[in-house]
Amino acid sequence: MKKRRHAKILEIINNYDIETQEDLQECLKQHGFEVTQATISRDIRELKLVKETSKDGKYIYSLRKMATNEDVVNRATGIFHQAVLSFDYALNTVCIKCHSGMAGAACAAIDSMHWEGVLGTIAGDDTIFVLCRSEEYAHQFVNNLEKTLNVKNS
């Protein structure tokens, strides 16, 4: 449950300007997570979220900018293990199937990793499409996902 909640928190702060713990708590509640303020506080610390200035000058929660590549990979790997069911590619597009409601979090994790050759991502409820620069990059991306998840997918 904690990993799913953490994945949802990352998805929320990636998609909304969250200014306070109460805002985050309310968003989590709307997504089916009933949590206390103490839990929110612990989650913020464990995810190493920081406040930064948004485009409109508000202070909002975000992932710390100085996260190491290893931190990002570890966080993303945890999210992938919880969310991803299967993946494959056709030409330069990768399709990733996820558990219901988890595609947004997995997509945010992909975006945070800045994969070479990835032009953009889009997520629905249980599916992610990743647009790659070429079929070669799509193949490389799928191979990297296999390594990240320690699985062989076909």
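# Notebook: loops, sheet and helices

**Entry 1, K48.** I began at K48, which I found in the loop between α3 and β1 (49-53). I kept in mind that this is a predicted model. The phi of K48 is near 60°, a positive value, and K48 is not a glycine. I noted this since most residues other than glycine have a negative phi. Is K48 buried, partly exposed or exposed? With 39% relative accessibility, K48 counts as partly exposed.

**Entry 2, L91.** Next I looked up another loop residue. L91 sits in the loop between β3 and β4. Its phi is positive too, about 55°, and L91 is not a glycine either. The relative accessible area of L91 is 60%, so I wrote it down as exposed.

**Entry 3, the sheet.** From that loop I moved on to the strands. In what order do the four strands of the sheet lie? I read the order as β3-β4-β6-β5, in an open sheet with antiparallel pairing. β3 (84-90) and β5 (118-123) are at the edges with a single partner strand each, so one side of each has no neighbour in the sheet. From one strand to the next, the twist averages 15°.

I then took a closer look at one pair. Strand β4 (residues 93-98) and strand β6 (residues 127-132) run antiparallel and are joined by five bridges. For K97, the bridge partner in β6 is T127. As a reminder to myself, strands of a sheet pair through backbone hydrogen bonds.

**Entry 4, helices on the sheet.** Which strands does α5 touch? I found α5 packed on the sheet, in touch with β4, β5 and β6, and its direction makes about 165° with that of β5. Helix α6 (residues 135-149) lies across β3, β4, β5 and β6, and it runs at about 160° to β3.

**Entry 5, inside α5.** I stayed with α5 to see how covered it is. Helix α5 (residues 103-113) has 11 residues, and nine of them are buried. Among the buried ones I listed G104, C107, I110 and M113. Several alanines are buried as well, including A103, A105 and A106. After α5 comes H114, with a positive phi near 50°.

**Entry 6, the cysteines.** C107 made me curious about disulfides. How many disulfides are there? The count is zero, with a disulfide taken as two cysteine sulfur atoms within 2.5 Å. C98 is in no disulfide, and its nearest cysteine sulfur, that of C107, is 8.7 Å away. Seen from C107, the closest cysteine sulfur is in C98, and 8.7 Å is too far for a bond. Both cysteines are covered: C98 counts as buried at 4% relative accessibility, and C107 counts as buried at 6%.

**Entry 7, α1 and α3.** I finished with a helix pair. Two packed helices are described by the angle and the distance between their axes, so I looked up both. The axes of helix α1 (residues 2-15) and helix α3 (residues 37-47) come within 11 Å and cross at roughly 75°. The two helices α1 and α3 are therefore roughly perpendicular to each other. On the α1 side, the contact is made by K2, R5, H6, I9 and L10. On the α3 side, T39, D43, E46 and L47 take part. I sorted the residues of this contact of α1 with α3 into three nonpolar, two polar and four charged.

Methods
Residues are numbered from 1 along each chain as its sequence is written. This is a predicted model: local features need pLDDT of at least 70, side-chain atom pairs count only at pLDDT 80 or more; totals for chains, interfaces and linings use all residues. Side-chain values use heavy atoms; hydrogens and water are left out. Buried means under 20% relative accessible area, exposed over 50%, partly exposed in between (1.4 Å probe, protein chains only). Two strands pair if DSSP finds at least two bridges between them. Axes are lines fitted to C-alpha atoms, for helices over the stretch in contact, and angles run from 0 to 180 degrees between N-to-C directions. Contact means heavy atoms within 4.5 Å. Angles under 35 degrees count as roughly parallel, over 145 as roughly antiparallel, 65 to 115 as roughly perpendicular and the rest as oblique. Ala, Val, Leu, Ile, Met, Phe, Trp, Tyr, Cys and Pro count as nonpolar, Asp, Glu, Lys and Arg as charged, and the others, Gly among them, as polar.
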